[in-house]
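Visitor: I am new to this structure. Could you walk me through it in questions and answers?

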Amino acid sequence: MRKTCTIIATTALAVTLASGTASATPGSGVTGTILAQKTVGHTDYTLREITIQPGGYTGWHFHDGTLYAYVKAGTLTHNLADCSIDGVFGTGRAFSEKPDQVHIGRNLGSTPLVLEVLYVLPAGSPLSEDAPDPGCGF
């Protein structure tokens, strides 16, 4: 059910919002393209496609709001700041990220990882904020 809701919300947003410009994601082997952006009241909605090359990673970071993501291709390994893996998400899977939760996303596979991500953030917030490396060794 959650996967279906995420796909519907992401698709609806992509259809109804105006196009944005491309921007990069911190890390290694990561690119991102903003597909749509809209501010409603005090909330920014940004739909972004993120590609992480094999061996690439996002860098340690957090978000000021909630993210809803769908894995379009590949597999994402998602680690928290305590170094634990809190999810391995393959093609067709959806997941969310909580506000202020420090994490890193990694592509440990041999093919590019493509994510469709809906950022739901307080108006004016950056898409992500860098966090110190907690010493996990990756």
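**Strands, charges and a cavity**

Guide: The protein chain has one helix and 11 strands. The model is predicted.

Visitor: In what order do the elements of the protein chain run from the N terminus on?
Guide: The chain holds one helix and 11 strands. Reading from the N terminus on, the order is α-β-β-β-β-β-β-β-β-β-β-β.

Visitor: What percentage of the residues of the protein chain count as buried?
Guide: Buried means under 20% relative accessible area. The protein chain has 138 residues. The part that counts as buried is 41%.

Visitor: How many bridges join β2 to β3?
Guide: Strand β2 covers residues 28-40, and strand β3 covers residues 43-57. The two run antiparallel. One bridge partner of this kind is Thr46 in β3, which faces Gln37. The number of bridges joining β2 to β3 is 11.

Visitor: Which residue in the turn between β2 and β3 has a positive phi?
Guide: β2 and β3 form a hairpin. Two residues lie between the strands. The phi in question is about 65°, and the residue is Gly41.

Visitor: Which residue in β10 is the bridge partner of Ile52?
Guide: β3 also pairs with strand β10, residues 113-122. That pairing is antiparallel and spans 10 bridges. The partner of Ile52 in β10 is Leu113.

Visitor: How many residues apart in sequence are the parts that Glu49 and Lys72 tie together?
Guide: The side chains of Glu49 and Lys72 meet in a salt bridge, with N to O at 2.9 Å. Glu49 lies in strand β3 and Lys72 in strand β5, residues 66-73, so the salt bridge ties together parts of the chain whose separation in sequence is 23 residues.

Visitor: Is Glu116 buried or exposed?
Guide: The cut-off for buried is under 20% relative accessible area. Glu116 has a relative accessible area of 10%, so Glu116 is buried.

Visitor: Which residues do salt bridges that share partners join into one network?
Guide: The count of salt bridges comes to two. Lys72 meets Glu116 in a salt bridge of 3.3 Å, N to O. That pair links strand β5 with strand β10, 44 residues apart. Lys72 also meets Glu49, and the network joins Glu49, Lys72 and Glu116.

Visitor: How do Glu49 and Lys72 count by relative accessibility?
Guide: Partly exposed lies between the cut-offs of 20% and 50%. Glu49 has 24% relative accessibility. Lys72 has 46% relative accessibility. Glu49 therefore counts as partly exposed, and Lys72 also counts as partly exposed.

Visitor: What separates the C-alpha atoms of Tyr70 and Ser96?
Guide: Tyr70 is found in strand β5. Tyr70 is partly exposed, with a relative accessible area of 23%. Tyr70 and Ser96 are 26 residues apart along the chain. Their C-alpha atoms are separated by 8.8 Å.

Visitor: What is the volume of the largest cavity?
Guide: A search of the whole structure finds one cavity of 30 Å³ or more. The largest cavity has a volume of about 180 Å³.

Visitor: Which residues that line the largest cavity are the closest to its centre?
Guide: The lining of the largest cavity has 19 residues. β3, β5, β6, β8, β9 and β10 each supply at least two of them. The closest to the centre are Ile50, Thr58, His61, Glu97 and Leu115.

Visitor: How many residues of the lining of the largest cavity are charged?
Guide: The lining divides into nonpolar, polar and charged residues. Nine are nonpolar and eight are polar. The number of charged residues is two.

Visitor: Why is the pair of Phe89 and Phe95 stacked?
Guide: The structure holds two aromatic pairs. The rings of Phe89 and Phe95 have their centres 4.3 Å apart. Phe89 and Phe95 are both buried. Planes under 30 degrees apart count as stacked, and the pair is stacked because its planes are at 15°.

Visitor: What separates the C-alpha atoms of Glu129 and Trp60?
Guide: Glu129 is found in strand β11, residues 129-130. At 27% relative accessibility, Glu129 counts as partly exposed. Glu129 and Trp60 are 69 residues apart along the chain. The separation of their C-alpha atoms is 8.6 Å.

Methods:
Residues are numbered from 1 along each chain as its sequence is written. This is a predicted model: local features need pLDDT of at least 70, side-chain atom pairs count only at pLDDT 80 or more; totals for chains, interfaces and linings use all residues. Side-chain values use heavy atoms; hydrogens and water are left out. Two strands pair if DSSP finds at least two bridges between them. Helices (H or I, at least four residues) and strands (E, at least two) are DSSP runs, numbered from the N terminus. A salt bridge is a side-chain nitrogen of Lys or Arg within 4 Å of a carboxyl oxygen of Asp or Glu. Buried means under 20% relative accessible area, exposed over 50%, partly exposed in between (1.4 Å probe, protein chains only). On a 1 Å grid over the protein atoms alone, a cavity is a set of points where a 1.4 Å probe fits but cannot get out, and a pocket is an open set with protein on both sides within 12 Å along at least five of seven lines; lining residues have an atom within 4 Å of a point. Grid points are joined across faces, edges and corners, and a volume is the space filled by probe spheres set on the points. Ala, Val, Leu, Ile, Met, Phe, Trp, Tyr, Cys and Pro count as nonpolar, Asp, Glu, Lys and Arg as charged, and the others, Gly among them, as polar. Rings of Phe, Tyr and Trp (its six-membered ring) pair if their centres lie within 6.5 Å; planes under 30 degrees apart count as stacked, over 60 as edge-to-face and the rest as tilted.
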